[in-house]
Amino acid sequence: TIDMLFERMIDFRLITERFKLLTALLYTLLYSVVVLFSIPFASILTIFSGYLFGALIGGFISYSGALIGTSVLFLIITSGFKLNVQVKLRSNPLFVDLSNEIYQNQFRYLLFLRFFPVFPFWLVNLAPAILGVKFKVFFITTLFGILPGTFIIAGIGEKIRIVSVPNKELVYDLISNSQFILLLLSLSLISILPTLLKILRKKK
């Protein structure tokens, strides 16, 4: 459980230092599975990765796990599970709003959603596959869109390691604080803005 993870963070840190490559691979796999099954713990795992591996390596692990998980999920849904998932999502009002926006401009809106998480991460992963978005569009927007935020959140995990042993209340306060979210989004936009402008110009 999440509570158990917080309680054993020091032990996990020691294991990570001793078996860095193995734990990095296992953590990437864990992250991919969490994203694949749409378990809403991705942000917490990203903070953990920064705490355990540092901002750079932890960010890369989370980034890789997210890319693998979202890509596999997209391909699974488009290959045969589309109808089953679609029935469940149609009853969600967020899905209706999201689908209307995606139909208007797939690339720009998906890229915007990756930068600015207006909708839950799991919904942005599922909806494009159901709505017929091409895999290339989905992958590229995910590739660029989640990059800055992932490394920033992993950096926060590294800073928590310096300050104190992390606890559930501290992490939840951070990821639910509106000022923190605004700062995160602002930093994400600033860091990726040049690349974003180039992509949008090519799409015109």
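**Figure 1. The buried side of helix α9 in the predicted model.** Helix α9 spans residues 135-145, and its buried residues are V137, F138, T141, T142 and G145. These residues lie on the same side of α9, because the arc they cover around the axis is only 120°. In an α-helix, residues three or four places apart point the same way, because each turn takes 3.6 residues.

**Figure 2. The packing of helices α7 and α9.** Two packed helices are described by the angle between their axes and the distance between the axes. For α7 (residues 106-115) and α9, the angle is about 30° and the axes are 8 Å apart. Their crossing is right-handed. On the α7 side, the residues that take part are Q106, F107, L110, L111, R114 and F115. They meet V137, F138, I140, T141, T142, F144 and G145 of α9. Helix α7 is mostly covered, with seven of its 10 residues buried. The buried residues of α7 are F107, Y109, L110, L111, L113, R114 and F115.

**Figure 3. Aromatic pairs, with Y27 and F53 as an example.** Six aromatic pairs are present in the structure. In one of them, the ring centres of Y27 and F53 are 5.8 Å apart and the ring planes stand at 75°, so the pair is edge-to-face. Y27 belongs to helix α3 (residues 20-36) and F53 to helix α4 (residues 42-53), so the pair ties together parts that are 26 residues apart in sequence. Both partners are covered: Y27 is buried at a relative accessible area of 10%, and F53 is buried at 7%. Elsewhere, F74, F135, F138 and F139 form one aromatic cluster. Of these cluster members, F138 is also one of the buried residues of α9.

**Figure 4. The surroundings of V35 in helix α3.** V35 has a relative accessible area of 3% and is therefore buried. When neighbours within four places in sequence are left aside, V35 is in contact with A66, G69, T70, L73, F121 and N125. The C-alpha atom of V35 lies 7.9 Å from that of G65, a residue 30 positions away along the chain.

**Figure 5. The surroundings of G65 in helix α5.** G65 is buried, and its relative accessible area is 0%. Apart from neighbours within four places in sequence, the residues in contact with G65 are T28, Y31 and S32. Between the C-alpha atoms of G65 and L36 there are 9.6 Å, and these two residues are 29 positions apart along the chain.

**Figure 6. Two serines of helix α5, S62 and S64.** Helix α5 runs over residues 55-89. S62 is buried, with a relative accessible area of 0%. Not counting residues up to four places away in sequence, S62 touches Y31, L45, T46, S49 and T150. One of these residues, Y31, is also in contact with G65. S64 is likewise buried, at a relative accessible area of 16%. The side chain of S64 reaches the backbone oxygen of F60, at a distance of 2.8 Å.

**Figure 7. The loop between α3 and α4 at S38.** Most residues other than glycine have a negative phi. The phi of S38 is instead positive, near 55°. With a relative accessible area of 22%, S38 is partly exposed.

**Figure 8. The chain as a whole, as a setting for the close-up views.** The chain has 12 helices and zero strands. Of its 204 residues, 45% are buried. Among contacts with a separation of 6 or more, 79% are between residues 24 or more positions apart. The contact of Y27 in α3 with F53 in α4 is an aromatic pair that links parts 26 residues apart in sequence.

Methods: Residues are numbered from 1 along each chain as its sequence is written. This is a predicted model: local features need pLDDT of at least 70, side-chain atom pairs count only at pLDDT 80 or more; totals for chains, interfaces and linings use all residues. Side-chain values use heavy atoms; hydrogens and water are left out. Buried means under 20% relative accessible area, exposed over 50%, partly exposed in between (1.4 Å probe, protein chains only). Helices (H or I, at least four residues) and strands (E, at least two) are DSSP runs, numbered from the N terminus. The arc is that of the directions from the helix axis to the C-beta atoms. A polar contact is a pair of N or O atoms within 3.5 Å; within protein, one must be able to donate a hydrogen and the other to accept it, and residues adjacent in sequence count only if both atoms are side-chain atoms. Rings of Phe, Tyr and Trp (its six-membered ring) pair if their centres lie within 6.5 Å; planes under 30 degrees apart count as stacked, over 60 as edge-to-face and the rest as tilted. Axes are lines fitted to C-alpha atoms, for helices over the stretch in contact, and angles run from 0 to 180 degrees between N-to-C directions. A crossing is left-handed if the near helix is turned anticlockwise from the far one by less than a right angle, and right-handed if clockwise. Contact means heavy atoms within 4.5 Å.
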